[in-house]
Amino acid sequence: MPEPTKKDETETETAPPPPEQKTPQDGGTGKGKVWSLGEGAPEETDKRDDSQRSTLFVEKPQSGTVSVGGNITFIAKVEAKDLLRKPNVKWFKGKWMDLASKAGKHLQLKESFERHTKIHTFEMHIIQAKENYAGNYRCEVSYKDKFDSCSFDLEVTESSQAAPSIDIRSAFKRSGDGQDDAGELDFSGLLKRREVKQQEEEPEVDVWELLKNANPSEYEKIAFQYGITDLRGMLKRLKRMRREVKKSAAFAKGLDPAYQVDKGGKVRFMVELADPTVELKWYKNGQEIRPSAKYIFEHKGNQRILFINNCTMTDDARYYVTAGDEKCSTELFVRDPPILVTKGLEDTSTYVGERVELSCEVSEDDANVKWFKNGVELPNDPKSRYRIKVEGKKHTLIIEEAAKNDNATYSVMTTGGQSEAKLSVDLRPLKISLALQDQTVRLGQEIHLKCEISENVSGKWYKNGQLVEASDRVKLYHKGRIHRFVIASAAVDDEAEYMFVPDAYNINIPCKVHVVDPPKLHLDGLGEGNTVTVVAGSKLRLEIPITGEPTPKVMWSKGDKWITDSGRIRAETYPDSSCLVIDTAEREDSGQFRISLKNEAGEDTALINIKVVDVPDPPQAPNVTEVGEDWCVMTWEPPANDGGSPILGYFIERKKKQSSRWMRLNFELIKETTFEPKKMIEGVAYEVRVFAVNAIGTSKPSMPSKSFVPLAVTSPPTLLAVDGVTDTTVTMKWRPPDHIGAAGLDGYVVEYCFEGNGFSQGISTDLSEELVEPPFNLEADEWIVANPELTDKTKFTITGLPTGSKILVRVKAVNAAGESEPRYHPQPILVKEVIEAPKIRLPRHLKQTYTRRVGETVNLVIPFQGKPRAKVSWQKNGSPIDKNQINIRNTENDTIIFIRKAERNHSGEYDMKVEVENLVDKATIDIQIVDRPGPPEVVTIEDVWGENVNLSWKPPKDDGNAAITGYTIQKADKKSMEWFTVMEHYHRTSATINELVIGNEYYFRVFAENMCGLSEDATMTKESALIAKDGKVYKYPVYNDFDFSERPLFTQPLVNTFAVAGYNATLNCSVRGNPKPKITWLKNKVAIMNDPSESYTVRIFECILSSKVGFRSSDY
């Protein structure tokens, strides 16, 4: 046996054994399982895989195997179809070691992108693999909030050579047993670019000596250089070693820090004493070791040797030896060799219910073996239907009664290998010994179904495809291979298709059960003698319940005539009843009807009497004989046919003509054929109708009466007065009645009578008194109707009267209800015309000169008064008016002068004269039509001195029929001839132009201006004025005048105004501006002129302000 390999001193007294390399097929947990370096616990791997469900990976890295010194490549592919940029990929060994920092000679990371497939490819190349490269690796890919991860294993096949030596670098590389201080494989040695041969050439490097002699700040650097990842454990050991070195005077040579041996092997501990006489004791985990077959002590001079034979896992412990008061310690690591599968599982086929045994053999007795079904570990639980049997090296999985769900791939896994096999569980072929038979049973008899099959298996019964469970009514029996279905008393619902289905077999045994029952009619609901009474005109639906299975055939007949399922009299058949339907029953339908039932179990027949009675015929349409303000009187005749039963009375209904809703007027029958409806609304058209009632019911309503309207006459007219009298006519006027009523007002009747036909002696002298009662006694035929046709006006002229006679007048209002009480004039009226002196009512704005511009319209209305037959005449400037140019229209009350387009020759004085017999009234209107003036006469340059020019001119010959209000003067340089205004609204006929440019030559022109504006043309100077350069003249400083100009502004704008027709209305607004703004009123965007004849309605008005500095408008 080779000598056990030395190791440096480990971290604690019970440090774990060095990890064993694990192949990807290793499985199981517990003491018999050793995980490779850097590999996490399986539970953590499962959790990680379950929590990282994503679809970023298109191809994941797969586990692989490589020999020592060989190369291997792992490939991961990510689809970039939905990614905007390259994903982030990291490679890890174990839990946390990021391999990006370990890239070098033995590790290379590459990536590429295929544009046509849009696939990112990431590769990890391991070159010249070593044994400590084996373990669990992980590849992670992330993009924004997406994440995916994949774990895979690398197995490095060991080469056939002696047990490797263990030094401090391997002792302090953290193990992967899942403890808190577990770490990962370290690739830091690769970064130093040292080859394996160089490490083998320098095995004598003592890291402990380097650490003892190094500065503490260099510990981490040395540990990284020599691949020591458990730096914390190393520092603890180093601290303890320094403490022990100080106390190691008794030992010339102490124990090595650590030893390693395979399970079953032999290990040798040796110390050399400085004093061989000192008593020496050996301890294991604090317990003294006694010599035995396992523990052998040997003395060689100053050397003291301890042999431990047949090492087991219990020997993995901390050992120390004492010499006097001093102690020297070490640790022993026992490595458990992998367990191999020497005989694998075999594929097995069996039937359901059979016992199944799957066996294998392993390399050691009582080894830890795990069983899996489809990759899921089977629990070794007494309650589980899977039982595991261990007999030395033989392991057996037992299934007592195999089922269909036991079809799977079963595998066994050890620390050194695995094996798998497929188990196939099938059903035994099933034969039907006795099939179910179709049955026909009477209602209430027993249904008994029985079948027999070749296997003793349970099954299920189905009725029309629905599962049937056992109950008090349904009994299910199973004895051996026989199955029975029993229903003690058959019902109609039991007729169905039944089926028995054995469990676990894809076959069924069907049959049909037919339940029959003799037909029967159920006439309990009919009256005595099976008689049914129906009112004529109504619908009879006589439903007769029937029973029978199968559903019986139903036939209806009356006499020798069969009744079909269509027509006015028809039969309707349903599963549990039959209906006789008579639409709109008639008296001829009375008689006996026969119904017959028949099916395969028998037949049944019955006779039914139908009696048809009727209501009376409706009465004739009623007549309305009299109408009042809210009532009427109606009469009618009894109906011609009382329906075979005496008339008991009548019901009355009424409705408004425009409505469709009838309202009953009496709730107790009326015996008479006369009725007086009341409480009607005056002026609303109504209709009435009548119902006749007998013992059978109420007849249809009669036809409605002719429409009628409850009406009342109006009150008498009011304010009857004389409006005018001539030699042969009298004109009366009045006001409408105070109360007209709902019937409205059709018009008025004016009547009169002459004096001397029985006037009363007590005639009223108060002309303001209105009389309703006549002040005299006259017969009705003595009044003369002045208007044969009604007049709707409140003014009427009585014509054809003798001059000098006296008449009395009365007026009546007439509507649909008749004539109202008359209204009398209190005094007799003398038929003689009264002269009224003429009077011209000249409007105020025409009392002064009326001015209009050329082209505008002149429309003047001048009212006047005068009777009788006032005569109007017009003159212009003392001559008659030319009616071809000026239109004159006269009425009884006013005269209108109209000029469509005014010209200047229309200006002048217009004289109006109104004559009534010998009486005359006159008025004069001054109309002035104005236009723009002509240009001034010759403009001359009177003098030129310095920068000044003196001009003079004469007023224009044509002033436009209006006074000249000013002149506008402009200048123009002779070179450019561009005109500029130098003065406006200038009133004199001479002016001095200042501040002219020296050296320039100027022309000047002048416009005349009146109320219509500037003249169309201007008069220009014939000569030009040259501003000569005659020395330097002192220029006075120029001071700009303060600009007081201000844009026009409405301080109070127009507001909406409502006016009453016939009354004046005023629109107000406030304005501000400098110079004074010009105010223009517009109606509907048209300027309003000073025309008194213009009458306005309520529309949109607008006021516009304008000046040199701006413009404003306001409207309402």
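Are Glu-140 and Arg-138 buried or exposed? Both of them are buried, and they also pair up: Glu-140 makes a salt bridge with Arg-138, with 2.8 Å between the closest N and O atoms. Keep in mind as you look around that this is a predicted model.

That pair is a handy way into the charged contacts. Side chains of opposite charge can pair when their charged atoms come close. The structure holds 36 salt bridges, so let's pick out a few. Take Glu-377 and Lys-370, whose side chains meet in a salt bridge at 3.1 Å, N to O. Here the two partners sit in unlike settings: Lys-370 counts as buried because its relative accessible area is 13%, while Glu-377, at 41%, is partly exposed. Lys-812 and Glu-819 form another salt bridge, at 3.3 Å from N to O. Lys-812 has a relative accessible area of 12%, so it is buried, whereas Glu-819 comes out at 42% and is therefore partly exposed.

Salt bridges can also be found linked together. Find Lys-539, Arg-541, Arg-570, Glu-572 and Asp-583, and you'll see a network of them joining these five residues.

Now for charge on the surface. Lys-839, Arg-841, Arg-844 and Lys-847 gather there in a patch of positive charge. Arg-844 is a good one to zoom in on: you'll find it in the loop that runs between strand 61 (836-840) and strand 62 (850-853). With a relative accessible area of 74%, Arg-844 is well past the 50% cut-off, so it counts as exposed.

The surface has a nonpolar patch to show as well. Val-1071, Ile-1079 and Trp-1081 make it up, and together they offer about 230 Å² of accessible area. Trp-1081 belongs to strand 81, which covers residues 1078-1083. Its relative accessibility is 30%, so Trp-1081 counts as partly exposed.

For another strand residue, go to Thr-342 in strand 20 (residues 341-343). Thr-342 is exposed, because its relative accessibility is 54%. From Thr-342 to Gln-418 is 76 residues along the sequence, yet their C-alpha atoms are 9.7 Å apart in space.

Last stop, the cysteines. A disulfide is a covalent bond between the sulfur atoms of two cysteines. How many disulfides does the structure hold? Zero. Two cysteines to look up are Cys-753 and Cys-1012. Cys-753 is buried because its relative accessible area is 1%, and Cys-1012, at 13%, is buried too.

Conventions
Residues numbered from 1 in each chain as written. Predicted model: local features only at pLDDT ≥ 70, side-chain atom pairs only at ≥ 80, totals over all residues. Heavy atoms only, no water. Patch = residues over 30% accessible without salt bridge, like charges linked within 9 Å, V, L, I, M, F, W, Y side chains within 5 Å. Areas by Shrake-Rupley, 256 points an atom, 1.4 Å probe, with all protein chains shown as cover. Salt bridge = Lys/Arg side-chain N within 4 Å of Asp/Glu carboxyl O. Helix = DSSP H or I, 4+ residues; strand = E, 2+ residues; numbered from the N terminus. Buried < 20%, exposed > 50% of the residue type's maximum accessible area, 1.4 Å probe, protein only. Disulfide = S-S within 2.5 Å. Lys, Arg positive; Asp, Glu negative; His and termini not counted. Charge placed at Lys NZ, Arg CZ, Asp CG, Glu CD.
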